[in-house]
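Trainee: Please take one part of this model and go through it closely. I would like to follow how the strands are arranged and what lies against them.

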Amino acid sequence: MPAATHTPTVYEGGFSDPVGSSQAVFRALMDAMARPGSVQDLPVVTAPPAPLTASASALLATLADADTPVWLDPTLMKTTEVKDWIVFHTGAEITPHQSEAAFALVASPGGLAALNGFSLGTQEFPDRSTTLILQVSSLTDGAALTLEGPGIKGQASLAPDPMPPHFEAQWQANRAAFPRGVDLVFAGPDCVAAMPRSTRLVREGA
Amino acid sequence: MNALTQDTSSQNLASYNFAYLDEQTKRMIRRAILKGIAIPGYQVPFASREMPMPYGWGTGGVQVTAAIIGRDDVLKVIDQGADDTTNAVSIRAFFAKTAGVVTTTATPDATIIQTRHRIPETPLTEGQVLVYQVPIPEPLRFLEPRETETRKMHALEEYGLMHVKLYEDIARNGHIATTYAYPVKVEGRYVMDPSPTPKFDNPKMHRSETLQLFGAGREKRIYAIPPHTEVVSLDFEDHPFEIQHFDQPCAMCGAEQVYLDEVVLDDKGGRMFVCSDTHYCESRRADGHCGALLGDEPGLGAEANTRKEAM
Amino acid sequence: MYVAVKGGEAAIANAHRLLAARRRGDANVPGLTLEQIAGQLSLAVDRVMGEGSLYDPELAALAIKQARGDLIEAVFLLRAYRTTLPRFGHSEPMDTGRMVVERRISAIYKDLPGGQLLGPTFDYTHRLLDPELAGDAPVDAPETGEDANERVVRVSDILGDEGLIEDDPLADASRPVADITRTPTEYPMDRDARLQTLARGDEGFLLALAYSTQRGYARSHPFVGEIRIGEVDVEVMIPELGFTVAIGRVKLTECQMVNQFQGSAKAPPQFTRGYGLVFGHAERKAMAMSLCDRALRASELGEDIVAPAQDEEFVLSHCDNVQATGFVEHLKLPHYVDFQAELDLVRRMRAEHFEAATKAADETAATDDTMEAAE
């Protein structure tokens, strides 16, 4: 079949080497999480339907399965192919409830008015929280955030774009709930960065 | 389900996944590792699997290593600081066989170091991950055996019991009588068990360049210390934390300020002290250092040994 | 000259060669076949399947052979294999009321529908060693009866029809059944997870705890309502077909213990249940399990927790013999680094002790001298 007439279906575009790819993606994410603000290269190992991006889909395929309900933002929910692709390639259930989600996939961070609707875990089990994967177009071109905390020697800088509105205030609130809270993963083009709940934002000029 | 008719002859090692664990198990462990990193010092419960080595022999560390290791990793395994202790040999052989990775005894060459009871003397770097085997991850367990109670204490940040215990030591013995598995506080929040490393190694955990992961298989817990994280050993103003000091250097390589093993030489009280970190000792000797025992015979240290096992 | 111990690899390889030779024993004696083990040591095989949580007599026999007859080691081998198996689904709840019973006894009724069926039991054998068995003398063919192909009603159902025994605690059907091999342990544990934990728990540990309840440590006035041993179909729902299909049969031992209960202001007096269900022919284990289950229901039934058998965390976190043996035996791994740390401290504390003692003695002596001088 000539490539031009080939229509990708939801059954395609998953890992061709599930063992190697998921390990490589995980190690990039683990390093990103362990060193907040650092930008880690991500191999292109998936080809999902738009508007799901390669990097966000690779992260999700690495982490999610039948044990982890996934929440999709309205932008992603518009497209059945995205839902079907995720269900087929990960086995995860799509949940309409933010508070039940182990992972939340956000294609339009600008539409994310609140982080606290997601699960923050409990004081006894703070790990039972949602991890948000935000699709961003860049990790360096947005408004610069100055970060401090575990994993950071002195200070680090990160400039994802786009970002949720009033992010600074939202993050302060998330930080205040520690050890409860959500963790953020920024899926950029072929790269990934993270802000675990332990990361503090330094106010510019402070 | 007549199992007697089932063909089991085809079940061999070839049917196991890369690094033994199936992908679903790895995903579950990877999720736990990420939570552990996000909440430094907090013990994340995970659905630990039965491993082909006994509980208490490193199943937690092995599961963590299996979940993070890739084909390009170089693995070092130590027990008591030594690469050639039997259980270290056994775990190294397990990964050489199931993951086909390159193994090494040279600390700087390793990308993943799995350890039991020691942190290498050679400072670790950003490109490395240190994986600890942990028997009892709960630092409060010997003060309160119930998980339901210790979980509450961590939730409420109620660590008075631990301070009382340490203070009772001082009252009774004049010292804090904890010499290994000495509790630490991570980033000012969670009290954490550093695994049964001698307290000599505690300062190495503080603001380490390296990501430190802890796996407790039988107790089903994973926890982590990210790099550059505050790790403070618990103490009192009038009894500050202090590490062990040895009166003499290593008899083999002359190293000072390192942790030494006491070796009994005879039944007449003869003793000598040598580095617990075998690779550190060997590489110093290879560099021409020599201790009292070796006299003028430098260069006896074996070359570090990096190899790829035949699959 | 001192040479650091080397050659761990060679030592391990040699140890394993020696182990293989010892396992085989005298080469002039024929090796055991798996059929012999599965067929003639079947209760050992059943125990290994039960505590190994894997129903496969041939693999259990292999594990016993490989473990030189060490059943806990065999359980461990089976568990380590089980953990690598893919999970295709789960069966429908098994109906032990439809068991094809080989043995079925009740201690609380003289006779009952379906009858008392002794089956292949050690009960009422005189425990006299049988020299005949040293050889391979032929045995008489067992007596067989007609299979009535009838459902043998469970004794607990007979009591239940009259309301004399509490209903089986209702499970929330919308909640997935626990799986202790896939989720981290959390206390308090629901009964499904607790029963799973007990079902793979060590027979000896549960037996001792069960015994303790009979001696007054959480006495529950137990009666054996029923023990039944036999085969039950395993059915799996095939979503594409919309109905269940039997995929095989497993042999099970079920014990329903009937225990006293006072009732409360809200509930009329009723007997309570303790439940045991184990793979294979494992009567002692099923009985011990049912007594432990009953003891562990203390808080649910509003009883005071006063005895070890009622202490959920204590019982459930220590009943797994694979965990227990691993951790106890890990003490033989090298611990010399930690021991060195302890040695250092003990030497220092002893030095301080003797120093203080000497100082005290000197002071006393000095005082004595002064007194002598004064005299």
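Mentor: The answer below goes through the sheets of chain A and the helices that lie on them. This is a predicted model, in which local features need pLDDT of at least 70, side-chain atom pairs count only at pLDDT 80 or more, and totals for chains, interfaces and linings use all residues. Residues are numbered from 1 along each chain as its sequence is written, chains are lettered from A and ligands numbered from 1 in the order in which they are written, and side-chain values use heavy atoms, with hydrogens and water left out.

Start with the open sheet of six strands in chain A, whose order is β1-β8-β7-β4-β3-β2 and whose pairing is mixed. Helices (H or I, at least four residues) and strands (E, at least two) are DSSP runs, numbered from the N terminus; two strands pair if DSSP finds at least two bridges between them. At the edges of this sheet stand β1 (40-41) and β2 (70-72) of chain A, each with a single partner strand, so one side of each has no neighbour in the sheet.

Within the sheet, β7 (residues 183-188) and β8 (residues 191-195) of chain A run antiparallel and are joined by five bridges. A:L184 faces A:M195 of β8(A) in this pairing.

Now the helices on this sheet. Helix α1 (residues 18-34) of chain A lies across β1, β7 and β8 of chain A, at about 35° to β8(A). Axes here are lines fitted to C-alpha atoms, for helices over the stretch in contact, and angles run from 0 to 180 degrees between N-to-C directions. Helix α2 (residues 54-63) of chain A also packs on the sheet, where it touches β2, β3 (103-106), β4 (131-135), β7 and β8 of chain A; contact means heavy atoms within 4.5 Å. The direction of α2 makes about 135° with that of β7(A).

Chain A also has an open sheet of three strands, in the order β6-β5-β9, with antiparallel pairing. Here β6 (156-158) and β9 (200-202) of chain A are the edge strands, each with a single partner, so one side of each is left without a neighbour in the sheet. The twist from one strand to the next averages 45°.

Strand β5 (residues 145-148) of chain A pairs with β9(A) in the antiparallel sense over three bridges. A:E148 has A:R200, in β9(A), as its bridge partner. Lying across β5 and β9 of chain A is helix α5 (residues 167-176), which runs at about 140° to β9(A).
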